[in-house]
Amino acid sequence: MKYAFPDNFWWGSASSALQTEGAREGETTWDYWFAREPNRFHNGVGPQQTSTFYQHWKTDIQLLKQLNHNSFRTSISWARLIPDGIGEVNPEAVDFYNQVIDELNEQGITPFITLFHFDMPMAMQDIGGWENRDVVDAYARYAQICFELFGDRVLHWFTFNEPIVPVEGGYLYDFHYPNVVDFQRAATVAYHTVLAHAKAVQAYRAGHYAGEIGIVLNLTPSYPRSQNPADVKAAHIADLMFNRSFLDPVLRGEYPADLVALLKSYDQLPACKPEDGFLIAEGKIDLLGVNYYQPRRVKCRDSAVNPQAPFMPEWFFDSYEMPGRKMNPYRGWEIYEPGIYDILVNLRDNYGNPRCFISENGMGVENEQRFIENGQINDRYRIDFISEHLSWLHKGISEGCNCLGYHMWTFIDNWSWCNAYKNRYGFIQLDLKTQQRTIKKSGEWFAATALNNSFDKE
Ligand code: BG6
């Protein structure tokens, strides 16, 4: 069967500043943490050892062209642009981003730019990070500066990438700095992130720029183990905590009432100011980026909560390991292709069918060198992964979902936070020692799909 996509469908990939650029002066929380606890990073590889986009941006953009990308998302590093987060703008950073943006446009690759992809300037973390409302204001100023500097040539902006991840990693589950485990502080960080998002949207609207502004959320559809009311309730609460805590404010301009009531009943709500509600209502977006990697399967808890343990989302559910689920064993994530369709249908039916696109989807695999044939990685599994997801996305579009494109994570193998280079995601293989880039089979497949705006599958 032939799967054809609408005209002007966005074909591309996503990356982020910290994971690719290297060579940076402004310190981030990642540099600080790595200097103190290198053992937390796979093979002790830290955020300065990246795919050197800062040096190779021009030839890398040629590679994007070879992959027939018509669009590409990356982020601006707040710490590179404004090293202390709030003071002087670094003119070298302005030159760098100007060159990248201009070259992308010249090559016919539309730049999609994210303002914050997990990389908090250390100077901002030193004053409390997202727990401090001054950081919200500093971020709004940074966003405004970006719009003024680049808004004439960047027409697709994203305030945050996966804003729940720094909340989970930094304040609940100990996989990002500052390694706090405290739900109320996590809720404060999440809440202030939404305020920061809304302030950036407000600034963008006030500037009457030509483009559009949105956010990128990692949506993990919550599937209950069974239709037993206890399982269904568990899935509903997981959905409130992990999806709707960001989805509702940015699409509906308000939080779900049952999420607020739940946190209130456990005395976990962040401090709110009366004017916050108006600001959040102004943060409604033009375009939603959806990152989809895995579903979330849950069941009701099997055991009682330890009342001495810190309050956690898991007070309300257990993870459910569905027998027979398909796994990506390297990342430990389930692969469930229909999830992409369920997300789109939910957006269509419950959120007014917003303009959206798949902003990340991908498969990280370890030791891909074992698949080299005639000098090239033959990553058949990645082609299967993409084409299966695309067939479900296609079904969603054919049923009226407003999905405008598909971006993969990522174009060149890059540095993945604590996993460093353990799992490789790229269309292009990176030799870490020589920095040589070699297109994988999946890159060729994607280039052909993008060119034809379609692919064939049994
Ligand atoms: C997304 C992020 O969560 O998934 C990326 O936006 C990240 O920054 C990607 O690299 C893959 O996840 P991981 O943890 O394997 O790097």
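This is a dialogue on how to read a few features of a predicted model.

Biologist: Where should I begin, and in what order do the strands of the barrel come?

Modeller: Begin with the strands. Here 8 strands close into a barrel, and the order is 2-3-4-5-6-8-13-17. Their pairing is parallel. From one strand to the next, the twist averages 25°.

Biologist: How many bridges join strand 13 to strand 17?

Modeller: Strand 13 (residues 356-360) and strand 17 (residues 403-409) run parallel and are joined by 2 bridges. Take Cys 356 as a case: its bridge partner in strand 17 is Cys 403.

Biologist: Which helices pack on the sheet?

Modeller: Two examples will do. Helix 10 (residues 229-252) packs on the sheet and touches strand 6 (212-218) and strand 8. The direction of helix 10 makes about 165° with that of strand 6. Helix 14 (residues 380-398) also packs on the sheet, where it touches strand 2 (10-14), strand 13 and strand 17. Against the direction of strand 17, helix 14 makes about 165°.

Biologist: Now a single residue. Is Leu 288 buried or exposed?

Modeller: Look up its relative accessible area and compare it with the cut-off: under 20% means buried. Leu 288 has a value of 0%, so it is buried. This residue lies in strand 8, which covers residues 287-291.

Biologist: Which residues is Leu 288 in contact with, leaving aside neighbours within four places in sequence?

Modeller: The contacts of Leu 288 are Ile 215, Leu 217, Leu 247, Leu 251, Leu 347, Arg 355, Cys 356 and Phe 357. One of these, Cys 356, is the residue whose bridge partner is Cys 403. For a distance along the chain, take Gln 184: it is 104 residues from Leu 288, and their C-alpha atoms are separated by 27 Å.

Biologist: How do I look for empty space inside a model?

Modeller: Rolling a probe the size of a water molecule over the atoms shows where empty space is left. This structure holds 5 cavities of 30 Å³ or more. The largest has a volume of about 120 Å³.

Biologist: What lines the largest cavity?

Modeller: Its lining has 14 residues, and those nearest the centre are Met 120, Gln 125, Trp 130, Pro 166 and Tyr 177. Two or more lining residues come from each of helix 2 (29-36) and helix 8 (164-171). Helix 8 gives the largest share, 3 residues. By class, 10 of the lining residues are nonpolar, 4 are polar and none is charged.

Biologist: Where are the cis peptide bonds you would point out?

Modeller: Read omega for each bond. The bond from Tyr 177 to Pro 178 is cis, with omega near 10°. Pro 178 sits in the loop between helix 8 and helix 9 (183-206). Another cis bond runs from Trp 409 to Thr 410, again with omega near 10°. Thr 410 belongs to the loop between strand 17 and strand 18 (423-424).

Biologist: And what is phi in Asp 174?

Modeller: Phi of Asp 174 is near 65°, which is positive in a residue other than glycine. Asp 174 lies in the loop between helix 8 and helix 9. Its relative accessibility is 30%, so Asp 174 counts as partly exposed. Asn 367 is not a glycine either, and its phi is positive at about 50°. Its place is the loop between strand 14 (365-366) and strand 15 (372-373). With a relative accessible area of 43%, Asn 367 is partly exposed.

Notes: Residues are numbered from 1 along each chain as its sequence is written. This is a predicted model: local features need pLDDT of at least 70, side-chain atom pairs count only at pLDDT 80 or more; totals for chains, interfaces and linings use all residues. Side-chain values use heavy atoms; hydrogens and water are left out. Helices (H or I, at least four residues) and strands (E, at least two) are DSSP runs, numbered from the N terminus. Buried means under 20% relative accessible area, exposed over 50%, partly exposed in between (1.4 Å probe, protein chains only). Contact means heavy atoms within 4.5 Å. On a 1 Å grid over the protein atoms alone, a cavity is a set of points where a 1.4 Å probe fits but cannot get out, and a pocket is an open set with protein on both sides within 12 Å along at least five of seven lines; lining residues have an atom within 4 Å of a point. Grid points are joined across faces, edges and corners, and a volume is the space filled by probe spheres set on the points. Ala, Val, Leu, Ile, Met, Phe, Trp, Tyr, Cys and Pro count as nonpolar, Asp, Glu, Lys and Arg as charged, and the others, Gly among them, as polar. Two strands pair if DSSP finds at least two bridges between them. Axes are lines fitted to C-alpha atoms, for helices over the stretch in contact, and angles run from 0 to 180 degrees between N-to-C directions.
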